Amino acid sequence: MSDQLNRVQIRLKENGSIRIKGIVDIVDADGNVIETKSDFSLCRCGASQDKPWCDGAHKSCGFTAPEGVVTK
Ligand code: FES
């Protein structure tokens, strides 16, 4: 598999979630893969009723945070 296919982008959205672009394994505390997902958002405001996933609650809870981009 080429380097390009393994690349994952993590974007901290302004006043919002952590957006993941790419294929990643979600693991439990022991490192066991419990799910493989691509292109999804993690909650960073703490208000989601479906943690760790973003459910859009950041839009109404008053959460503020800067935009950011981290790539690997
Ligand atoms: S960041 Fe979207 S619900 Fe928390």
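Two strands count as paired if DSSP finds at least two bridges between them. The close-up views below come from a predicted model.

**Figure 1. The hairpin of β2 and β3 has 5 residues between its strands.** Strand β2 covers residues 18-27, and β3 covers residues 33-42. The two strands run antiparallel and are joined by 8 bridges. Within this pairing, R19 stands opposite S41 of β3. In the hairpin, G31 takes a positive phi near 85 degrees.

**Figure 2. Strands β1 and β2 also form a hairpin, again with 5 residues between the strands.** Strand β1 covers residues 9-12. Its pairing with β2 is antiparallel and consists of 4 bridges. Two of the residue pairs can be followed by name: Q9 has K21 of β2 as its bridge partner, and I10 has I20 of β2. The residue with a positive phi in this hairpin is N15, with a value near 55 degrees.

**Figure 3. The whole chain gives the setting for the close-ups.** The protein contains 1 helix and 4 strands. Read from the N terminus, the order of these elements is α-β-β-β-β. The protein has 72 residues, of which 25% count as buried. Of the contacts between residues at least 6 apart in sequence, 34% link residues at least 24 apart.

**Figure 4. Seven residues make up the largest nonpolar core, here written as 7 residues: V8, I18, I20, V24, I26, F40 and W53.** Strand β2 supplies the largest share of this core, namely 4 residues. In soluble globular proteins, nonpolar side chains tend to be buried together. F40 is a useful residue to start from when tracing the view. Leaving aside residues up to four places away in sequence, F40 touches I18, R19, I20, V24, I26 and W53. The contact list of F40 thus includes R19, the residue that stands opposite S41 in β3.

**Figure 5. S17 sits in the loop between β1 and β2.** Is S17 buried or exposed? S17 is buried, because its relative accessible area is 5%, and the cut-off for buried is under 20%. The side chain of S17 makes a polar contact with the side chain of S41, at 3.5 Å. Which other residues does S17 touch? Not counting residues up to four places away in sequence, the contacts of S17 are R11, L12, S41, L42, R44, C54 and H58.

**Figure 6. A salt bridge links R11 and E67.** The closest N and O atoms of this pair are 2.6 Å apart. R11 belongs to strand β1, whereas E67 lies in the loop between β3 and β4 (68-71), so the salt bridge ties together parts that are 56 residues apart in sequence. Both ends are partly exposed: R11 has a relative accessibility of 35%, and E67 has a relative accessible area of 38%. R11 also appears among the residues that S17 touches.

**Figure 7. K37 and E35 are joined by a salt bridge between their side chains.** The N to O distance in this pair is 3.8 Å. The cut-off for a salt bridge is 4 Å, so the pair is counted. The model has 2 salt bridges, counted by this rule. K37 is partly exposed, with a relative accessible area of 21%. E35 is partly exposed as well, at 35%.

**Figure 8. The cysteines C61 and C45 come within 4.0 Å of each other at their sulfur atoms.** A disulfide is a covalent bond between the sulfur atoms of two cysteines. Why is the sulfur of C61 not bonded to the sulfur of C45? The sulfur of C45 is the closest cysteine sulfur to that of C61, but a distance of 4.0 Å is too far for a bond. A disulfide would need the two sulfur atoms within 2.5 Å. By this rule, the model has a count of 0 disulfides. C61 is partly exposed, with a relative accessibility of 39%. Another cysteine, C43, is buried, with a relative accessible area of 19%.

Notes:
Residues are numbered from 1 along each chain as its sequence is written. This is a predicted model: local features need pLDDT of at least 70, side-chain atom pairs count only at pLDDT 80 or more; totals for chains, interfaces and linings use all residues. Side-chain values use heavy atoms; hydrogens and water are left out. Buried means under 20% relative accessible area, exposed over 50%, partly exposed in between (1.4 Å probe, protein chains only). A nonpolar core is a set of buried Ala, Val, Leu, Ile, Met, Phe, Trp, Tyr and Cys residues joined through side-chain atoms within 4.5 Å. Contact means heavy atoms within 4.5 Å. A polar contact is a pair of N or O atoms within 3.5 Å; within protein, one must be able to donate a hydrogen and the other to accept it, and residues adjacent in sequence count only if both atoms are side-chain atoms.
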